[in-house]
Amino acid sequence: MTSEGDVVDSDGLRKDPVLGVEMQGDACVVRLAGELDLYNAPQVQDALAHACADSPARVVVDMSEVEFIDSTALGVLIEARTRLTNRRGFILAAPGLETRRALEISGLDRHFAVHDSVSEALLANV
């Protein structure tokens, strides 16, 4: 950790916010991590745009390793959701306490499907 609280790797740089993007059946799972903010929003935006590009039945955003999310990154989630024809197919999975709190404070928990785990999100009706 730096004095500003940023998550860093052994080289002293912030961790990549996108751990992976993979297809699981008819779903595209995007694994995010660390602090999602203005600094790395373009990386998150690119990954989510890629995930939505082929119009999968659902896009599951695994947030289990996200430690912080700011308004810019929340906006990226909103924008990505608009890329899917069936917006109910854009699902947030496993947000931690701080991430869930940001979703609740912003009111976005009422607009996104939020599930406790990726496996639950993969089985949800969309």
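Cys52 is buried, because its relative accessibility is only 3%, under the 20% limit. This is a value from a predicted model, as are those that follow. The closest cysteine sulfur to that of Cys52 belongs to Cys28, 7.7 Å away, which is too far for a bond. Cys28 is buried as well, at 4% relative accessibility. Seen from Cys28, the closest cysteine sulfur is the one in Cys52, and the 7.7 Å between them rules out a bond. A disulfide is a covalent bond between the sulfur atoms of two cysteines. A pair of sulfurs has to lie within 2.5 Å to count as one. The structure holds zero disulfides.

Now take the chain as a whole. The protein chain has four helices and five strands. Read from the N terminus, the order of the elements is β-β-α-β-α-β-α-β-α. The chain has 126 residues, and 44% of them are buried. Consider the contacts with a separation of 6 or more. Of these, 65% join residues 24 or more positions apart.

Next come the strands. β2 covers residues 27-36, and α1 covers 41-53. β3 spans 58-69, α2 spans 71-81, and β4 spans 90-93. β2 and β3 run parallel, joined by nine bridges. In this pairing, Glu35 stands opposite Phe68 in β3. The path from β2 through α1 to β3 forms a right-handed β-α-β unit. A second unit follows along the chain. β3, α2 and β4 also make a right-handed β-α-β unit. Here too the strands are parallel, with four bridges between β3 and β4. Val59 stands opposite Phe90 in β4.

Val59 and Phe90 lead on to the interior. Both belong to the largest nonpolar core, which has 28 residues. Leu48, Val59, Val61, Leu77 and Phe90 touch the most other members of this core. Several elements build it. β2, α1, β3, α2, β4 and α3 (97-106) each give at least two residues to the core. α1 gives the largest share, six residues. What does Phe90 touch, leaving aside its neighbours within four places in sequence? Its contacts include Leu48, Val59, Val61 and Leu77. Phe90 also meets Cys52, the residue that opened this tour. Ala80, Arg81, Leu84, Phe112 and Ala113 complete the list. There is a second, separate core of seven residues. Among its members are Val60, Ile91, Ala93 and Val118.

Now move to the loop between β2 and α1. Asn40 is located there. Is Asn40 buried or exposed? Asn40 counts as buried, because its relative accessibility is 2%. A polar atom of the Asn40 side chain lies 2.7 Å from the backbone oxygen of Glu35. Glu35 is also on the contact list of Asn40, together with Arg14 and Pro17, once neighbours within four places in sequence are left aside.

Asp37 sits in the loop between β2 and α1 too. At 11% relative accessibility, Asp37 is counted as buried. Beyond its neighbours within four places in sequence, Asp37 is in contact with Arg14, Phe68, Asp70, Thr72 and Ala73. Arg14 thus links the two descriptions: it is in contact with Asn40 and with Asp37. Phe68, another contact of Asp37, is the β3 residue that stands opposite Glu35.

The last stop is Asp116. Asp116 lies in the loop between β5 (113-115) and α4 (118-123). Asp116 is exposed, because its relative accessible area is 55%, over the 50% limit. Which residues does Asp116 contact, leaving aside its neighbours within four places in sequence? They are Ala94 and Arg100. With Arg100, the Asp116 side chain makes a polar contact, side chain to side chain, at 3.1 Å. Ala93 is 23 residues from Asp116 along the chain, yet their C-alpha atoms are separated by 5.7 Å. Ala93 has appeared before, as a member of the second core.

Note on methods:
Residues are numbered from 1 along each chain as its sequence is written. This is a predicted model: local features need pLDDT of at least 70, side-chain atom pairs count only at pLDDT 80 or more; totals for chains, interfaces and linings use all residues. Side-chain values use heavy atoms; hydrogens and water are left out. Buried means under 20% relative accessible area, exposed over 50%, partly exposed in between (1.4 Å probe, protein chains only). A polar contact is a pair of N or O atoms within 3.5 Å; within protein, one must be able to donate a hydrogen and the other to accept it, and residues adjacent in sequence count only if both atoms are side-chain atoms. Contact means heavy atoms within 4.5 Å. A nonpolar core is a set of buried Ala, Val, Leu, Ile, Met, Phe, Trp, Tyr and Cys residues joined through side-chain atoms within 4.5 Å. Two strands pair if DSSP finds at least two bridges between them. A crossover is right-handed if, with the strands pointing away from the viewer, the path from the first strand over the helix to the second runs clockwise.
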